[in-house]
Amino acid sequence: MHVTRWIEAGLWLLALGATIFALIHAIRQRPDAFTAVDKQTKQLWLAILGVSLFLLVIPLLAGGLGGLGLLTFIAIIATGIYLADVRPKVDEVQRGPRW
């Protein structure tokens, strides 16, 4: 049981770090880059990632060190979509394709 708790805490910290990274990345991008690649608006992605960060922090507010509940998985999925689908296309439209 003790090892499982450490693994959950490690995965939670990884998810928290990824969500913070994604939120900072979204903040630093131009608003028109999101609509140029048909990936919703910058404001919507900031809201999604902000809510994801809040969902990850809820266990801390409840007095625990993060867990892997349903809300955590929702936050991980939203962050994963941003990092895997939106971020590469937004970066590409601002820098141009890599050849």
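**Exercise 1. State which residues of helix α4 are buried in this predicted model, and what covers them.**

*Solution.* The buried residues of α4 are Thr 72, Ala 75, Ala 78, Thr 79, Tyr 82, Val 86, Val 90 and Asp 91. The next step is to ask what lies over them. Their cover includes α1 (2-28), α2 (31-36) and α3 (42-61). A general property of helices helps in reading such a list. An α-helix has 3.6 residues a turn, so residues three or four places apart point the same way.

**Exercise 2. Compare the expected span of α4 with the distance between its end C-alpha atoms, and locate its bend.**

*Solution.* Helix α4 covers residues 70-95, which is 26 residues. At 1.5 Å a residue, the span should be 38 Å. The end C-alpha atoms are 37 Å apart, so the two values agree. The helix nevertheless bends by about 40° at Val 86. A proline, Pro 88, follows within four residues of that position. Val 86 is also one of the buried residues of α4.

**Exercise 3. Place α4 in the overall layout of the protein.**

*Solution.* The protein contains four helices and zero strands. Read from the N terminus, the order of elements is α-α-α-α. The C-alpha atoms fill a box of roughly 50 × 30 × 20 Å along the principal axes. Of the 99 residues, 30% count as buried. Contacts between residues at least 6 apart in sequence may then be examined: 71% of them join residues at least 24 apart.

**Exercise 4. Determine how α1 is oriented relative to α4, and name the residues in contact.**

*Solution.* The axes of α1 and α4 are 10 Å apart, and the helices pack at an angle of about 40°. The two helices are therefore oblique to each other. On the side of α1, the contact is made by Trp 12, Ala 15, Ala 18, Thr 19, Phe 21, Ala 22, His 25 and Ala 26. On the side of α4, Thr 72, Ile 76, Thr 79, Tyr 82, Leu 83, Arg 87 and Asp 91 take part. The crossing is left-handed.

**Exercise 5. Determine how α1 is oriented relative to α3.**

*Solution.* The axes of α1 and α3 come within 9 Å and cross at roughly 155°. An angle over 145 degrees counts as roughly antiparallel, so α1 is roughly antiparallel to α3. This crossing is left-handed. The residues of α1 that meet α3 include Trp 12, Leu 16, Ile 20 and Leu 23. Among their counterparts in α3 are Leu 46, Leu 49, Leu 53 and Leu 56. Trp 12 also belongs to the contact of α1 with α4.

**Exercise 6. Describe Asp 38, Gln 40 and Thr 41 in the loop between α2 and α3.**

*Solution.* Begin with the backbone. Asp 38 has a positive phi of about 55°, although it is not a glycine. Gln 40, likewise a residue other than glycine, has a positive phi near 65°.

Accessibility comes next. Exposed means over 50% relative accessible area; Asp 38, at 68% relative accessibility, therefore counts as exposed. Thr 41, at 33%, counts as partly exposed.

The last step concerns the surroundings of Thr 41. Thr 41 and Pro 31 are ten residues apart in sequence, and their C-alpha atoms are 6.9 Å apart. With neighbours within four places in sequence left aside, Thr 41 is in contact with Phe 34 and Thr 35.

Conventions
Residues numbered from 1 in each chain as written. Predicted model: local features only at pLDDT ≥ 70, side-chain atom pairs only at ≥ 80, totals over all residues. Heavy atoms only, no water. Expected span 1.5 Å × (residues − 1). Bend = angle between axes of the 7 residues up to and from the residue. Buried < 20%, exposed > 50% of the residue type's maximum accessible area, 1.4 Å probe, protein only. Contact = heavy atoms within 4.5 Å. Axes fitted to C-alpha atoms, helices over the stretch in contact; angles between N-to-C directions. Parallel < 35°, antiparallel > 145°, perpendicular 65-115°, else oblique. Left-handed = near helix turned anticlockwise from the far one by under 90°.
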